Amino acid sequence: MTRILAIADEVDEGMYGDKLERLQPDLVLSCGDLPFDYLEYIVTRTNVPLLYVPGNHDPELKPPDDTWTPLRTEPPSRGPEGCMNVDGRIVEAAGLRIAGLGGSMRYRPGPNQYTERQMRWRALRIELPARLSRRGVQRRIDVLVTHAPPEGFSGKEDDLAHRGFAAFNRLIKNLMPRLHVHGHIHPYGPPRALVRLGPTLIVNAVPDRLVEI
């Protein structure tokens with residue numbers, strides 16, 4: 001069993017106490033919209049891999065075009081130190097194959113926002129190599145990490161800003177990960193019950209959830 005701490009959107013002040021020691025995760029997955037110093041603190045305290053995708057309130061994390069950058073100029077710092085950005089990638093950590101897709105539905109100017117069509121292409125760039133890398137294996141990835149939820153899993157928040165992506169539903173159905181963690185939807189009140197899409201457990205990570213797979 002792998003103990004996964006999924007976090008998103010809201011800082012849990014308990015993490016600055018003894019909560020991390022009690023949780024003892026093997027892996028931390030951040031679903032976006034968290035301060036970078038918070039992520040750096042968690043990865044330092046836990047000393048386990050911390051993988052993240054950006055949320056719609058995070059800054060642009062794509063490498064800058066340094067074609068005209070003077071040779072002596074220090075490159076800008078990108079992302080939290082000691083953490084791995086898995087947006088648009090498949091990586092292996094803690095014995096699991098993990099894919100990530102950050103961002104939300106485009107609802108205003110700004111980074112890390114996509115139309116449904118754009119996210120469909122981004123999801124295909126995950127699906128195709130996943131299929132090719134493990135032919136004949138039913139589960140091609142173990143965990144999918146996104147900021148936004150799949151379509152139909154945003155609860156009562158169905159405005160454009162919080163609407164889920166149908167591209168995620170297709171990705172889950174075709175790759176059948178054991179776990180999908182997302183953020184973006186703030187579950188005011190008691191934590192929402194865990195739900196499934198086929199064999200995939202879908203978990204809203206806001207502000208944090210511990211899952212064993």
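At 0% relative accessibility, Tyr-38 counts as buried, and this tyrosine is a handy way into the structure, which is a predicted model. Tyr-38 belongs to a cluster that ring pairs build together with Tyr-16 and Tyr-41. The chain around the cluster has four helices and 13 strands. Here's a quick tour, starting with the overall picture and then moving to the tyrosines, helix H2 and Gln-113.

**The chain as a whole**

- Of the chain's 213 residues, 50% count as buried.
- The chain exposes about 10900 Å², and 52% of that comes from carbon and sulfur atoms.
- Take the contacts between residues at least 6 apart in sequence: 64% of them join residues at least 24 apart.

**The tyrosine cluster**

- How many aromatic pairs does the structure hold? There are three.
- One of them is Tyr-16 with Tyr-38, a tilted pair with 6.0 Å from centre to centre and 55 degrees between the planes.
- That pair links distant parts of the chain, 22 residues apart: Tyr-16 comes from the loop between strand E1 (3-7) and helix H1 (19-23), while Tyr-38 comes from helix H2 (residues 36-46).
- Tyr-16 also pairs with Tyr-41; the ring centres are 4.6 Å apart and the planes are at 35 degrees, so this pair is tilted.
- Here too, distant parts of the chain are linked, with Tyr-16 in the loop between E1 and H1 and Tyr-41 in helix H2, 25 residues apart.
- Are the partners buried or exposed? Tyr-38 is buried, at 0% relative accessibility, whereas Tyr-16 is partly exposed, with a relative accessible area of 41%.
- Tyr-41 is partly exposed as well, its relative accessible area being 21%; it misses the buried class because the cut-off for that is under 20%.

**Helix H2**

- Which residues of H2 are buried? They are Tyr-38, Leu-39, Ile-42, Val-43 and Thr-46.
- These residues sit on the same side of H2, because they cover an arc of only 130 degrees around the axis.
- Some background on that spacing: an α-helix has 3.6 residues a turn, so residues three or four places apart point the same way.
- Asp-37 and Thr-44 are exposed, and they are on the face of H2 turned away from its buried side.
- What covers the buried residues of H2? The cover includes E1 and H1, plus strand E2 (27-30) and strand E3 (50-52).
- Just past the end of H2, Asn-47 takes a positive phi of about 55 degrees.

**Gln-113 and its surroundings**

- Gln-113 is part of strand E8 (residues 113-114), and its relative accessible area of 1% makes it buried.
- What does this buried side chain reach? One partner is the backbone nitrogen of Tyr-107, at 3.0 Å.
- Another is the backbone nitrogen of Arg-108, which lies 3.2 Å from a polar atom of the Gln-113 side chain.
- Leaving aside residues up to four places away in sequence, Gln-113 touches Asn-56, Ser-104, Met-105, Arg-106, Tyr-107, Arg-108 and Gln-118.

**A charge over a ring**

- Where does the charged end of Arg-122 sit? It is over the ring of Tyr-114, 4.3 Å from the ring's centre.

How values were computed:
Residues numbered from 1 in each chain as written. Predicted model: local features only at pLDDT ≥ 70, side-chain atom pairs only at ≥ 80, totals over all residues. Heavy atoms only, no water. Phe/Tyr/Trp six-rings, centres within 6.5 Å; stacked < 30°, edge-to-face > 60°. Helix = DSSP H or I, 4+ residues; strand = E, 2+ residues; numbered from the N terminus. Buried < 20%, exposed > 50% of the residue type's maximum accessible area, 1.4 Å probe, protein only. Lys NZ or Arg CZ within 6 Å of the ring centre and 35° of its normal. Contact = heavy atoms within 4.5 Å. Areas by Shrake-Rupley, 256 points an atom, 1.4 Å probe, with all protein chains shown as cover. Polar contact = N/O pair within 3.5 Å; in protein donor to acceptor, adjacent residues only side chain to side chain. Arc of directions from axis to C-beta.
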